[in-house]
Structures are given as structure tokens and as C-alpha cells.
Amino acid sequence: MLRHLISAADLSRDDAVLILDTAEEMARVADRPIKKLPTLRGRTVVNLFFEDSTRTRISFEAAEKRLSADVINFTAKGSSVSKGESLKDTAQTLEAMGVDAVVIRHGASGAPYRLATSGWIDAAVINAGDGVHQHPTQALLDAFTMRRRLVGRDTGLGRDLAGRRITIVGDILHSRVARSNVDLLHTLGAQVTLVAPPTLVPVGVERWPCDVSYDIDTVLPESDAVMMLRVQRERMNAAYFPTEREYARRYGLNGDRMARMPGHAIVMHPGPMVRGMEITAEVADSDRCTALEQVTNGVSIRMAVLYLLLGGNEPAVTHTRTEEK
């Protein structure tokens, strides 16, 4: 494993499969009466969130506490950042406190990389989302969910997603989830197709390791997994499509479109979902939608990442089985 987790593109196939396999072991902890491992006892992890978040922050906090780490939650609102304190000053303050890892979400693309390479802090840095750039643990939990559903919980151990066809639909332009998934799924051997209006496709996408389509109906029959993305209006400064109704008609996933997917195919969404726009309630509430599974799997993946960065590179099963004795 690397010293930090900044981008999904930094992971090799072996790195990614190791994280997925370790997460499978961590998932077994959730089935116990006491959902705790002593792995990170005495270690301090700071959740440094400069952007609002619910799922990611709570998921990381749950993962840290299940590994027995000491957790400090930092939010920009109500902190010295609102008084003008810089990222450097905040990092040096954390360094003075002797933290072992920093989980950072920031609105500026590249902030986690800057924190990891600046020399301001001697701690492992985990990117929990930076601007429209990367969100590596989201891509990992998505891949974990796909492998469980499409390959199998036990039969998937040690395996990647070679030959699987994954379709990502929606606001690609503003999505760090899409960028991270394209990088990771390509590394794991999957074939990725992006579907979006031309106005929501990034410049330079032809250099990404994926295909691009503007017609959702042509790719659904060949997809093993379809990931729907939310239109991120908070990042938009122009009109990228005529109306919400028009967008839903052209790119939304409804019951009729879901019926055209292969029988084994799954529907994914990183959340939060805008029902009636990119996805209908019928699809969101169906057995084929894995949105809640992704939330559950996020805790296991983040436990695995923290374990491997801070706990060691030996298989997590050694700790898991010791606890069960």
C-alpha cells in the first residue's frame, strides 16, 4: 500500500484487490455483537472537512471508531478557517497535536495532494473528495459493491472486475465520483461507458480510459451495472440543459428503462438521490438498486483503507480471527 490515498489512479490492480479483500474481512466485524477491532488503538485520526458532508463523514467516523482509533472531527464552519486561517496553518496545528492520519474533504481540487506532499504534516492523508477531482474511497466502495453483486461475496476474493461493462450516467462534468470510478474500474479490468448530455461531458474526455455515449437507451441492454449521478447544481454557473423534465426524459432511469437491462444488472447511486430527475422512486426502491448497500459497504472499505495505511500490510484476517477466539 501507498503512504497516502489521494487518487484512485494511484492504485495498482494488486493494491485495489487487496483493499477489496481486506474490506470483505472488515465486513464480518459488522455481524458481531461488539463491532470493534483493537487495530488502531492509541492512534489519532482527524476528519478535516472543509465541505458539507453527511454520508462520507459519518462513514469515516464509524470506520475509525470500529478500529478503536481516537477520532477528532473538524469542520470549517465555526473554526479558525472562517477567520481566515490557511490550510497550512491548520495542518501545522494538527501536526503539533501528533495526529496519525488526516481524512480531508475540500472544495479545491488538489488540496489533499498539497497536504500530503507539502511537508506540513507527517501523517497519512486520505482524500474524502476534492473539488471535481477525485473521491477514491467512493470508487472503492462502488467496486466492492459491484464485485459482491456480480462476482460473489466469497467467490470474488482475489478477483477483479475483468469483462464487466459499467455505465455511468449523468453530470460527468462536475463529478469526482465519475472520474474516480473510471480510473479504478479501468484498473480492475472493467469496460466503462459514460452517458451524458454533450454539455455535461468534460473537455479532454477522449483521453480517459472509457467510451462516451449520448444515448442511454443504446447502452442499457449491455450493462452489468448502471450508476446514476446527481446533477450538481451547486457547482453550475450556467444552464447545461433546457429543463429538469427534459433531462429526466432523455437521461433519467425509470422502470421501463430498467426493464431493458440484463436480468443480473444492478442500479447504483452514490447519493444523495434526486428522485424524479435522474432516477424514479420505482427504480430507487427496487431490489436491483444498491444505494443502501453502498452506504454499508462504505464503512467496510474505509476500515480497510485505514487499516492498511496505519495498521500494517499483513492480512486483516489475522486480527479478525484473533478477536473471534
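The protein chain of this predicted model contains 12 helices and 9 strands. Of its 325 residues, 56% count as buried. The accessible surface of the chain comes to about 13800 Å², and carbon and sulfur atoms account for 49% of that area. Among contacts with a separation of 6 or more, 75% link residues that are 24 or more positions apart.

**The five-stranded sheet**

Five strands make up an open sheet in the order S7-S6-S5-S8-S9, with parallel pairing. Its edges are formed by strand S7 (211–213) and S9, each of which pairs on one side only. Direction ignored, neighbouring strands of this sheet are turned by 20° against each other on average.

Strand S8 (residues 225–228) has partners in both S5 and S9. With strand S5 (residues 165–169), S8 pairs in the parallel sense over 4 bridges; with strand S9 (residues 266–268), S8 also runs parallel, joined by 3 bridges. Individual residues that stand opposite each other are listed below.

| Residue in S8 | Residue opposite |
|---|---|
| Val226 | Thr167 |
| Met227 | Ile168 |
| Ala225 | Ile266, in S9 |

In a regular strand, side chains alternate between the two faces of the sheet. Strand S8 shows this arrangement: Ala225 and Met227 point one way, Val226 and Met228 point the other way, and all are buried. Helix H6 (residues 176–187) lies across S5, strand S6 (191–195) and S8, and runs at about 170° to S5.

**The four-stranded sheet**

A further open sheet has 4 strands in the order S2-S1-S3-S4, and the pairing is parallel. Strand S2 (70–75) and strand S4 (124–130) each have a single partner strand, so one side of each is left without a neighbour in the sheet. The twist from one strand to the next averages 15°. Strand S1 (residues 44–49) pairs with S2 in the parallel sense over 6 bridges, and Thr44 has Asp70 in S2 as its bridge partner. Helix H2 (residues 55–66) packs on this sheet, where it touches S1, S2, strand S3 (101–106) and S4. The direction of H2 makes about 180° with that of S1.

**Nonpolar cores**

The largest nonpolar core has 84 residues, and those that touch the most other members are Leu140, Met146, Ile168, Leu184, Leu194 and Ile301. Helix H11 (residues 291–311) gives the most to this core, contributing 10 residues. Apart from its neighbours within four places in sequence, Ile301 is in contact with Ile19, Leu20, Ala23, Thr137, Leu140, Leu141 and Phe144. Leu140 thus appears both in this list of contacts and among the core members that touch the most others. Ile168 likewise has two roles: this residue is one of those core members, and it stands opposite Met227 in S8. A second, separate core consists of 19 residues and includes Leu48, Leu115, Ala116 and Ile121.

**Cysteine residues**

A search of the whole structure finds 0 disulfides. Two cysteines may be considered individually with respect to burial, for which the cut-off is under 20% relative accessible area. Cys210 is buried because its relative accessible area is 16%. Cys289 also counts as buried, at 10% relative accessibility.

Methods: Residues numbered from 1 in each chain as written. Predicted model: local features only at pLDDT ≥ 70, side-chain atom pairs only at ≥ 80, totals over all residues. Heavy atoms only, no water. Disulfide = S-S within 2.5 Å. Buried < 20%, exposed > 50% of the residue type's maximum accessible area, 1.4 Å probe, protein only. Contact = heavy atoms within 4.5 Å. Areas by Shrake-Rupley, 256 points an atom, 1.4 Å probe, with all protein chains shown as cover. Pairing = 2+ DSSP bridges. Core = buried A, V, L, I, M, F, W, Y, C linked by side-chain atoms within 4.5 Å. Axes fitted to C-alpha atoms, helices over the stretch in contact; angles between N-to-C directions.
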